[in-house]
Amino acid sequence: MEGLRTMGPVAGPFSEEKLVCQFTGNMIHSKGIFLGDDPFNFSLPMLLAQGILILLLTRTTHYFLKPLGQGMISAQIIAGIIMGPSILGHDGAYAEKLFPPGGKLVLETLANVGFMLHLFLVGLQMDPRILKKAGKTAVLIGIGGFILPYGLGELAFIIIHHVMTLDRKLSVSIPFMVALNSMTSFVVVSSLLTDLNILNSELGRLATQTSMVSDLCSWFMATMMNTVGIAARDSDWMLLWSLIWLLIFLISIVFVFRPIIIWISKQTPEGERMDEVLFFIIIVMIMGCAFCAEVLGQHAALGPLVLGMALPDGPPIGTILLQKFDTMVTGLLLPIFFALSGSKTKLFSLGKGMFPFMVEFIIILGYVGKFTGTLIPAIFSGVPFWDSLCLAMIMCCKGIIEVATYSMWKDRKILSYQSYSLLLITMLIVTGVCRPIVGYLYDPSSSHMSYSRKSIMYPKHDSEFRILVCIHNEHNVSTIINLLEASHATKSSPISIVALCLMELTGSSSSVLESYDSKKKLTSGVTHLGHIINAFNYYEQHNHGRVTVQHFTAIAPYSSMHTDICAIALEMRANIVIVPFHKQLAFGGTEEATATSIKTVNLNVIDKAPCSVGILVDRGHIGGHRSFVAGHSLYHIALLFLGGADDREALSYSRRMAEDPKIRLTVVCFRPWGEQAYTEETEEYLDKKLMNEFKADAVDKIVYSEVIVKDGEGTTQVIRSMEEGFDLFIVGRHHDKSPFTLGLTEWHECTELGLIGDMLAGSDFLFSVLVVQQQPFGLGVQDLSLNGAS
């Protein structure tokens, strides 16, 4: 196959370029090495080999960099640097064989298609309404974080230009580098916040709004500079025509393509797959927008980005299209794009003399301006210093948008190889340093971990009882309302309830935490939310004057959903948070997992909640139990008291329930073999003191019994004997060091339920279970009176 490809230098419009002449006859498929064909002389085998190398190298690099707190994008760019002329590509034979100019062209085209589709998904997940929600603080910080680095960079350029003679290429590229350093992309910031699990934190929401304001300034500046650059090469009139046609193009996307795609989404019922013909139409529209952007002289990705932004984020459109595209784009095409961007870096060809130092000075000055322009307005606006510091470092992080802009301007000869390499390397260093520092410094749960935590034991007997209930779906509602009704609301001791509907963040990059009254449009298309709200409203009306209900909706990633739960619990000063167990009993009596991610949410809430936590195992429907709200017969509850702070909290909750005339409470107190004397302030002493107070106040319909057991086997026998006749079991969570659980640790599956709760939640039983944990109170032992002061 010799002679099929020839190449050599030619004079280009800006500088000397390499021209590749390639024979086009059957250059796709190879006949095989056994018939004398070299696979690397054919497009398809070469493309496959390049893809394999890139995917393996990027994943391997990320494996080693992940413990250092680095993200996937940084790993992919570093893999590209390794693959490029700086390291592996320094070997001419390797570069000529695997990445010849002709073969690289196909790979770059594929990478740009991936980038184009990714920006469509990015735009689809963006919610422009964030700009309306941005307060004065976010606007001030966003504008300051853009103007200061831009102003410092331009000022430095003017001073340097007057002090010394600059190379023509450098004089052209510096203004563009200044504009690049002023950018802060919403896409990059939201991705970083998601990776750090702080997207729905207080700092995360401020960073999201701030980056949206800064991004608006950045995109306006980038589009204008690109348009001016086109006009500068042609005529003054071209600037006007470019702006007019660009405006017509954007209006067409909003008023022509957008209504068509929304109509297409309405043809797909909720929960069903989109028809292939409709999906094909959307693909054609995306490609059409990219083509029009290229015709107008803009980057092909601008059209899909604007189209995505014009569409509603979240379900149903955002969720469906994200599921269709995400794996192919993020998993396959984007690594190629970033690896190729990194491969353009030439570490050992940065030049000598003042040139690299001048460029690096301008770049660093931009980062200093970005950091200062964010930090000072944030402190001035009343943001705490450490939060302001973290916000400033977040705003300094860069990612896909900046890399794509670097690459685009390098290909258009606006940036030289040296400038491009310095920009990319500095970006990797700054982002690589700021990312783990933010993760270390900012912990959203620190505000929840208050010294004095709320519980059920310590409020006054006639005070308001505050409960936060979390609902993932309609199946959680019935048993939760039964539990609330059993909590015995009275006019002298009313119950204040916050019903928090939790939904996973899909098809959007903006988390949401808002009350139902102020946000009805957000959940349009989510039919189950209205049913949940109606059920709690009926419960409130049924208990008028004794119960108040507030409705909130939280849309966030499961990994950080606990942040919203803890924030609301802290704000409303809840006594207990009730979260549903992640498993339900299916028809036939077998357990099925509804979502393993819910288990992670529950574990995080248990660990970081500012009050007591109850995990409710729902067995109401399968067990055939009646609705407590409408029922008039006794509701049978069993409390297992093995000792410890959690069991004392469970006893306090049960004591409140027992005051209801429709509740029949059975308390089983476990005692060890032999009599023991306890000193004051030990756990056993506190257990005995609280139980004596309970027995002294117990009414006739409370059944109290003591059982003597030696180990876990005896405890299991007692529980088995109580299998029938109860609607709800209540138990504390922690019994790890109790003699009553010896031998049970081997069968411990669900750690969030504790040893006894895990046993009760097994598929052998049909009653519901409430596992209670009292959060630690800090130093010292609190007063244990059931009716103690707040």
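How many of the 10 residues of strand β4 (residues 495-504) are buried? Nine of them are, so the strand is mostly covered, where buried means under 20% relative accessible area, exposed over 50%, and partly exposed in between (1.4 Å probe, protein chains only). The model is a predicted one, with local features needing pLDDT of at least 70 and side-chain atom pairs counting only at pLDDT 80 or more, while totals for chains, interfaces and linings use all residues. Residues are numbered from 1 along each chain as its sequence is written, and side-chain values use heavy atoms, with hydrogens and water left out. Helices (H or I, at least four residues) and strands (E, at least two) are DSSP runs, numbered from the N terminus.

Strand β4 has a partner on either side in the sheet order. With strand β3 (residues 465-471), β4 runs parallel, and seven bridges join the two; strands count as paired if DSSP finds at least two bridges between them. One of the matched pairs here puts isoleucine 471 with cysteine 501 of β4. With strand β6 (residues 547-556), the pairing of β4 is again in the parallel sense, over 10 bridges. There, glutamate 504 sits opposite alanine 556 of β6. As general background, strands of a sheet pair through backbone hydrogen bonds, either parallel or antiparallel.

The link from β3 to β4 involves a helix. Together, β3, helix α18 (residues 477-486) and β4 form a right-handed β-α-β unit. Right-handed here is a matter of viewpoint: with the strands pointing away from the viewer, the path from the first strand over the helix to the second runs clockwise.

Strand β7 (residues 576-580) is another mostly covered strand, with five of its five residues buried. Ile576, Ile578 and Pro580 point one way from β7, while Val577 and Val579 point the other way. That fits the general pattern, as side chains in a regular strand alternate between the two faces of the sheet. Three bridges pair β7 with β3 in the parallel sense, and isoleucine 467 has isoleucine 576 of β7 as its bridge partner. Strand β10 (residues 612-617) also runs parallel to β7, joined by five bridges, with proline 580 opposite leucine 616 of β10. The sense then switches: β10 and strand β15 (residues 768-773) pair antiparallel over five bridges, and valine 613 is matched with glutamine 773 of β15.

What does the whole sheet look like, and in which order do its strands come? It is an open sheet of 11 strands with mixed pairing, in the order β5-β6-β4-β3-β7-β10-β15-β14-β11-β12-β13. At its edges are β5 (512-515) and β13 (703-708), each of which pairs on one side only. Neighbouring strands are turned by 20 degrees against each other on average, direction ignored; the axes are lines fitted to C-alpha atoms, for helices over the stretch in contact, and angles run from 0 to 180 degrees between N-to-C directions.

Among the helices, α7 (residues 168-181) makes a good case. Its 14 residues should span 20 Å at 1.5 Å a residue, and the end C-alpha atoms are 21 Å apart, which agrees. The expected span is 1.5 Å times one less than the number of residues. A kink of about 30 degrees lies at isoleucine 174, shortly before proline 175, the bend being the angle between axes fitted to the seven residues ending at a residue and the seven starting there. Because 11 of the 14 residues of α7 are buried, the helix is largely enclosed by the rest of the structure. Both Ile174 and Pro175 are among the buried residues.

Turning to charges, the structure holds seven salt bridges, each defined as a side-chain nitrogen of Lys or Arg within 4 Å of a carboxyl oxygen of Asp or Glu. Lysine 344 bridges to aspartate 411, with the closest N and O atoms 3.6 Å apart. Lysine 344 lies in the loop between α13 (317-343) and α14 (354-380) and aspartate 411 in helix α16 (residues 400-411), so the pair ties together parts that are 67 residues apart in sequence. Lysine 344 is buried at 11% relative accessibility, whereas aspartate 411 is partly exposed at 46%. Aspartate 411 also meets lysine 410 at 3.8 Å, N to O, and lysine 410 is buried at 8%. Lys344, Lys410 and Asp411 are thus linked in a salt-bridge network. Elsewhere, glutamate 464 pairs with arginine 466 at 3.4 Å; glutamate 464 is partly exposed at 31%, as is arginine 466 at 21%.
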